[in-house]
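Work through the exercises below with the structure open beside you. Try each task before reading its solution.

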Protein chains: 2
Amino acid sequence: MEITKESSRPLDLGIITPEALLSHWQGHRKLTRQVIQAFPEEQLHTYSIGGMRTFFELAKEIMGLSGTGIRGIVTGNWDFLPEEDYRPGKSTIKTKEELLRVWDKVTNDINTFWWQIPAERFKETIKSFGQWEGETTNIILYWIDNEIHHRGQGYVYLRSLGIEPPPFWNRY
Amino acid sequence: MEITKESSRPLDLGIITPEALLSHWQGHRKLTRQVIQAFPEEQLHTYSIGGMRTFFELAKEIMGLSGTGIRGIVTGNWDFLPEEDYRPGKSTIKTKEELLRVWDKVTNDINTFWWQIPAERFKETIKSFGQWEGETTNIILYWIDNEIHHRGQGYVYLRSLGIEPPPFWNRY
């Protein structure tokens, strides 16, 4: 959207700090972890609606983008670690337990790498995973949005299986 | 999440401006509008999975929170306009066409009211709709997250109806 209207606010006013964005992201990741846990092992791997991917596949994508993504922002290296590679035929993760283990590793990686992002990097244009170009902050927002989007789909899977999902606001 | 680690970045570094957040929000609203449009009138009102609400109900909630919410942030008045009131038995909107008409009005309202939010308001703690307390910026992020979450559920409804949803990245 093009913003043209004049405002009396300073044009460089920042209303979200890197620390607030990290907290926002990790809050969402905490909720997604609970959604993974809510799936029975079998349905995590097999259940699907309308020809969509299973929640196991969706969760691996979310995890892979997050883990390899944060490392890419800091180092410029966008190669997947084997356990974070969610592409068809590439994933080495087979069970919910393994998925949660790598999920927690990624949680720590994000917390560690976050502090190594130089202040100016957030406004820089980068090419994430060698293909999606955008401002770093917008790239991170895109990953968070993608997580919320697919997690919302997991809620429908759970409801349709008769399982109560964790409350949406339970991220803090 | 508690942030304790020290960083060399300035602690008050702002990486998202109000204008960027507005653009982010309206981009998501543009995509949600396409999802509403993708539903056939009948299924918009009747289709549901796992006992969840129809997408008509979900879209009215998204619209009502956004329209009345932006007005509340600026004026402190959190009363619903009749056409934005999504609570059971309160909504005056009956058709997809009416929904899209009010949706577009809310789009304009957000663009107008946005410029009237004083700079300091974003960091202030407010009580949205008289009940949910939080920093203004976090309240707005919550509305956007809620929209992405429910829209993701609409994607499952559409897929399960054999309808191709609009691409998730089509927000710009």
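The model is predicted.

**Exercise 1. Say what the buried residues of H4(A) pack against, then describe the two faces of this helix.**

Solution.
Step 1. Start with the packing: H1 and H3 of chain A are what the buried residues of H4(A) pack against.
Step 2. List these residues. They are Leu99(A), Trp103(A), Val106(A) and Trp114(A).
Step 3. Look around the axis. The buried residues cover an arc of only 60°, which puts them on the same side of H4(A).
Step 4. Turn to the other side of H4(A), where Glu97(A), Asp104(A) and Asn108(A) are exposed.
Step 5. Check the length. H4(A) has 19 residues, and from first C-alpha to last it reaches 26 Å, close to the 27 Å expected at 1.5 Å a residue.

**Exercise 2. Find which residues of H4(B) are buried and what covers them.**

Solution.
Step 1. Locate the helix: H4 of chain B spans residues 96-114.
Step 2. Pick out its buried residues, which are Leu99(B), Trp103(B), Val106(B) and Trp114(B). To count as buried, a residue needs 20 or more other C-beta atoms within 10 Å of its own.
Step 3. View the helix down its axis. The buried residues fall within an arc of 60°, so they line one face of H4(B).
Step 4. Find the cover, which includes helix H1 (18-38) and helix H3 (55-75) of chain B.
Step 5. Compare the other side of H4(B), where the exposed residues include Glu97(B), Asp104(B) and Asn108(B).

**Exercise 3. Determine how many residues the largest nonpolar core has and which elements contribute to it.**

Solution.
Step 1. Count the members: the largest nonpolar core has 40 residues.
Step 2. Name the residues with the most contacts inside this core: Phe55(A), Ala59(A), Phe55(B) and Ala59(B).
Step 3. Assign the core to elements. Helices H1, H3, H4 and H5 of chain A, together with H1, H3, H4 and H5 of chain B, each give two or more residues to it.
Step 4. Take one residue as an example. Leaving aside residues up to four places away in sequence, Ala59(B) touches Ile36(B) and Leu99(B).
Step 5. Look for another core. A second, separate one has 16 residues, among them Trp25(A), Ile140(A), Ile144(A) and Ile140(B).
As background, nonpolar side chains in soluble globular proteins tend to be buried together.

**Exercise 4. Describe how strands E1 and E2 of chain A are joined, then examine Phe129(A).**

Solution.
Step 1. Identify the strands: E1 covers residues 125-128 of chain A and E2 covers residues 132-135.
Step 2. Note their direction and bridges. The two strands run antiparallel, and four bridges join them. In one of these pairs, Lys127(A) has Glu133(A) in E2(A) as its bridge partner.
Step 3. Go to the turn. E1(A) and E2(A) form a hairpin with three residues between them. Phe129(A), in the turn, has a positive phi of about 55°, although it is not a glycine.
Step 4. Set this against the general rule: most residues other than glycine have a negative phi.
Step 5. Decide on exposure. Phe129(A) has 15 other C-beta atoms within 10 Å and is partly exposed.
Step 6. Repeat for chain B. Phe129(B) lies in the loop between strand E1 (125-128) and strand E2 (132-135) of chain B. Phe129(B) also has a positive phi of about 55°, and with 15 C-beta neighbours inside 10 Å it counts as partly exposed.

**Exercise 5. Work out what rotation superposes chain A on chain B, and how the chains meet.**

Solution.
Step 1. Read the rotation: 180°, with 0.0 Å of shift along its axis and an RMSD of 0.0 Å.
Step 2. Name the relation, which is that of a two-fold axis.
Step 3. Find the C-alpha of chain A nearest the axis. This is the one of Gly14(A), 1.8 Å from the axis.
Step 4. Count the contact residues: 40 come from chain A and 40 from chain B.
Step 5. Locate them in chain A. H1 and H5 of chain A each supply at least two residues of the side that touches chain B, and the largest share, twelve residues, comes from H5(A).
Step 6. Compare the two sides. Of the interface residues of chain A, 100% are also interface residues in chain B, so the copies meet through the same surface.

Terms used:
Residues numbered from 1 in each chain as written. Chains lettered and ligands numbered in written order. Predicted model: local features only at pLDDT ≥ 70, side-chain atom pairs only at ≥ 80, totals over all residues. Expected span 1.5 Å × (residues − 1). Buried ≥ 20, exposed ≤ 12 C-beta atoms within 10 Å, placed from the backbone. Arc of directions from axis to C-beta. Contact = placed C-beta atoms within 7 Å. Core = buried A, V, L, I, M, F, W, Y, C linked by C-beta atoms within 7 Å. Pairing = 2+ DSSP bridges. Least-squares fit on C-alpha atoms with pLDDT ≥ 70 in both.
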